[in-house]
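Visitor: I am new to protein models. Could you show me how to read one, feature by feature?

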Amino acid sequence: MKKPFKVAAYSFIIFIASGIIFGLLFDSSTSFVPIFSNSIISIPMNIIFNLISFSLIILITYGFILLGKKLKSKYLVVVSWIGIFLNLIFYLYLLFGNLIFNVPSVSEEKEFLIFILLVHLVFSIVFGIHSIFFGAALLKIKDKIKYAKSAGILNIITGSTFIIGVGYIVLIATNVMEILMLFEASRMFEDRKTNRFKNKRRDN
């Protein structure tokens with residue numbers, strides 16, 4: 001991969017855009033296209049979407065892992081790897097959960113619904129804690145790369161307020177700052193390298 005930071009930034013944009021589009025088309029509570037809502041087509045589409053989403057998350061997180069290595073921040077590298085592991089568990093839950101949720105005899109059980117609420121609560125807490133640590137990791141490199149301070153602070157706010165739902169709103173601004181930071185990393189480490197190579201070729 002020649003420009004992993006740029007790939008990570010564009011993957012982030014695609015991840016957000018695809019999430020919005022998929023949510024509007026296939027989510028039973030927000031669907032504007034009735035034929036896709038609560039139909040058998042939603043099961044394979046959910047699986048495909050989740051696989052694509054996880055692949056994009058790997059590309060995004062790899063950008064932060066590489067950034068940690070470039071800026072000599074082991075903390076950012078470790079926290080980013082933990083993020084991949086947590087997302088793996090989450091998407092496995094979504095993949096297998098989609099099959100169970102579509103079984104009427106199971107999905108209508110009161111105990112099952114309580115279990116789902118508890119699982120979502122646990123994921124909110126776990127991802128909230130991870131967001132706080134990730135934000136702290138970004139603050140450690142705030143003097144080395146632009147947007148790291150803003151992204152770090154927003155990650156901490158997001159993680160701290162996930163449990164009450166506010167974090168999901170702040171997450172929008174957080175993601176924007178992270179995308180800008182990845183583009184800045186591309187400018188610092190990829191564009192300069194390309195320009196040096198072009199200048200070297202001209203000199204020769």
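Guide: Start with confidence. This is a predicted model. Its chain averages a pLDDT of 83, and 77% of the residues score at least 70.

Visitor: Which elements have the lowest and the highest mean pLDDT?

Guide: Helix α4, residues 104-107, has the lowest mean, 51. Helix α6, residues 148-161, has the highest, 96.

Visitor: Where is the pLDDT below 50?

Guide: Look at residues 28-37, where the pLDDT is below 50. In the model, this stretch has 14 contacts beyond near neighbours in sequence.

Visitor: Next, charged side chains. How many salt bridges are there?

Guide: The count is four. To read one, look for a side-chain nitrogen of Lys or Arg within 4 Å of a carboxyl oxygen of Asp or Glu. Take D191 and K6: their closest N and O atoms are 3.5 Å apart, so the pair qualifies as a salt bridge.

Visitor: Where do D191 and K6 sit in the chain?

Guide: They sit in distant parts of it. D191 belongs to helix α7, residues 166-203, and K6 to helix α1, residues 4-26. In sequence they are 185 residues apart.

Visitor: Are D191 and K6 buried, partly exposed or exposed?

Guide: D191 has 23% relative accessibility, so it counts as partly exposed. K6 also comes out as partly exposed, at 23%.

Visitor: What about R187 and E184?

Guide: Their side chains meet in a salt bridge, at 2.5 Å from N to O. Both residues lie in helix α7, three residues apart, which is about one turn of the helix. The contact between these side chains is also listed as a polar contact, at 2.5 Å.

Visitor: How accessible are R187 and E184?

Guide: R187 is partly exposed, because its relative accessible area is 36%. E184 has 11% relative accessibility, so it counts as buried. Now look for shared partners: salt bridges join K3, K6 and D191 into one network.

Visitor: What lies far from R187 in sequence but can be compared with it in space?

Guide: Try F5. R187 and F5 are 182 residues apart in sequence, while their C-alpha atoms are 8.8 Å apart in space.

Visitor: Which salt bridge involves D143?

Guide: D143 meets K142, with 3.7 Å from N to O. D143 is exposed, with a relative accessible area of 71%. K142 is partly exposed, at 37%.

Visitor: Now the rings. How do I describe a pair of them?

Guide: An aromatic pair is described by the distance of the ring centres and the angle of the planes. Here the count comes to eleven aromatic pairs. One of them is F54 with Y91, 5.9 Å centre to centre, with 50° between the planes. That pair is tilted.

Visitor: Where are F54 and Y91 found?

Guide: F54 is in helix α2, residues 42-70. Y91 is in helix α3, residues 74-101. The pair links distant parts of the chain, 37 residues apart.

Visitor: Are F54 and Y91 buried or exposed?

Guide: F54 is at 16% relative accessibility, so it counts as buried. Y91 is buried too, with a relative accessible area of 8%. Y91 also pairs with F90. That pair is edge-to-face: 5.5 Å centre to centre, 80° between the planes.

Visitor: Which residues form the aromatic cluster?

Guide: F54, F90, Y91, Y93, F123 and F127 form one cluster.

Visitor: Last topic, the nonpolar core. How many residues are in the largest one?

Guide: The largest nonpolar core has 26 residues. Those with the most contacts inside it are F64, L67, L138, I141 and I145. Next, ask who supplies the residues. Helices α1, α2, α3, α5 (110-139), α6 and α7 each give at least two. Helix α7 gives the most, with seven.

Visitor: What does I145 touch?

Guide: Leave out residues up to four places away in sequence. Then I145 touches L67, L71, M181, E184, A185 and M188. One name there is familiar: E184 is the salt-bridge partner of R187.

Visitor: What lies apart from the largest core?

Guide: Another core, of eleven residues, lies apart from it. Its members include I57, Y91, I116 and F162. Y91 is familiar as well, from the aromatic cluster.

Key: Residues numbered from 1 in each chain as written. Heavy atoms only, no water. Helix = DSSP H or I, 4+ residues; strand = E, 2+ residues; numbered from the N terminus. Buried < 20%, exposed > 50% of the residue type's maximum accessible area, 1.4 Å probe, protein only. pLDDT = per-residue confidence, 0-100. Contact = heavy atoms within 4.5 Å. Phe/Tyr/Trp six-rings, centres within 6.5 Å; stacked < 30°, edge-to-face > 60°. Polar contact = N/O pair within 3.5 Å; in protein donor to acceptor, adjacent residues only side chain to side chain. Core = buried A, V, L, I, M, F, W, Y, C linked by side-chain atoms within 4.5 Å.
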